[in-house]
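Welcome, and please open your viewer. We will walk through one protein together, one selection at a time.

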Amino acid sequence: MITERWPTELRLAKDRRSLRIVFDDGTAFDLPAEYLRVTSPSAEVQGHSPSERKTVPGKKDVEIIGVEPVGNYAVKLVFDDLHDSGIYGWNYLYELGARHEEKWRAYLDELAAKGLSRERLR
């Protein structure tokens, strides 16, 4: 059985580079905008199967410009690169926080293996 997570606080940092989320069990995460962008649950990033998942480079300086509620179960994040198709459910945000180090390391390893960079292409 999956435990439903419920946020008690959701706050965008003044610099728009992180999202703070506190859950009803007292767990709190400060999730960087770049991390949220490259792990977007959208089909554009995740594809329709694991083999279609994209490694998204060049998002080191991305900012969150909007946080929009989706019913009572999720938020849609809007980034300054205009990506806005990911719906971040509460359990997904909890997982991103709880597994941040592991997922971030895997992302950095993917970038390196593909010769990609976190830096924005000019």
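Let's begin at a turn. Select β2 and β3 with the residues joining them: this hairpin has 4 residues between its strands, and glycine 26 there takes a positive phi near 90°. Keep in mind as you look that this is a predicted model.

**The first hairpin**

Stay with the two strands and show their backbones. Strand β2 covers residues 18-23 and pairs with β3 in the antiparallel sense, over 5 bridges. To see one pair of partners, pick serine 18, which stands opposite proline 32 in β3.

Now turn on the side chains of β3, residues 28-32. Which of them point to the buried face? Phe29 and Leu31 point to one face and are buried. Ala28, Asp30 and Pro32 point to the other face and are not buried.

Next, move back along the chain to arginine 16, in the loop between β1 (7-12) and β2. Its phi is positive, about 65°, although arginine 16 is not a glycine. That deserves a pause, as most residues other than glycine have a negative phi. Arginine 16 has a relative accessible area of 36%, so it counts as partly exposed.

**Zooming out**

Return to the whole protein and colour it by secondary structure. You should find 4 helices and 6 strands. Followed from the N terminus, the elements run β-β-β-α-α-β-β-β-α-α.

Rotate the C-alpha trace: along its principal axes it spans about 40 × 35 × 25 Å. A compact globule of 122 residues would have a radius of gyration near 14 Å, and the protein agrees with this because its value is 14 Å.

Switch on a surface if you like. The protein exposes about 7300 Å², and carbon and sulfur atoms supply 51% of that area. Buried residues make up 37% of the 122. Of the contacts with a separation of 6 or more, 48% are between residues 24 or more positions apart.

Colouring by charge shows 19 positive and 21 negative side chains. The centres of these two sets lie 3 Å apart.

**The second hairpin**

Now select β4 (residues 64-70) and β5, which run antiparallel and are joined by 6 bridges. Look for valine 67, which stands opposite leucine 77 in β5. Between the strands of this hairpin are 3 residues, and glycine 71 takes a positive phi near 55°.

Keep β5 selected, residues 74-79. Is this strand mostly covered or mostly open? Mostly covered: 5 of its 6 residues are buried.

Add β6, residues 87-89, to the view. It pairs with β5 in the antiparallel sense over 3 bridges. Here valine 75 has tyrosine 88 in β6 as its bridge partner.

The loop between β5 and β6 holds leucine 82. Leucine 82 is not a glycine, yet its phi is positive, near 75°. Its relative accessible area is 63%, so leucine 82 is exposed.

**One last residue**

Finish at valine 78, in strand β5. Its relative accessibility is 12%, so valine 78 counts as buried, since the cut-off for buried is under 20%. What does valine 78 touch, leaving out residues up to four places away in sequence? Its contacts are Glu63, Ile64, Ile65, Gly66, Glu68, His83 and Asp84.

For a closing view, draw a distance from the C-alpha of valine 78 to that of glycine 115. The two residues are 37 apart along the chain, and their C-alpha atoms are separated by 27 Å.

Conventions: Residues are numbered from 1 along each chain as its sequence is written. This is a predicted model: local features need pLDDT of at least 70, side-chain atom pairs count only at pLDDT 80 or more; totals for chains, interfaces and linings use all residues. Side-chain values use heavy atoms; hydrogens and water are left out. The radius of gyration is taken over C-alpha atoms; the globule rule is 2.2 Å times the number of residues to the power 0.38. Buried means under 20% relative accessible area, exposed over 50%, partly exposed in between (1.4 Å probe, protein chains only). Contact means heavy atoms within 4.5 Å. Accessible areas come from the Shrake-Rupley method with a 1.4 Å probe; for residues, only the protein chains shown count as cover. Lys and Arg count as positive and Asp and Glu as negative; His and the chain ends are not counted. The place of a charge is taken as NZ of Lys, CZ of Arg, CG of Asp or CD of Glu. Two strands pair if DSSP finds at least two bridges between them.
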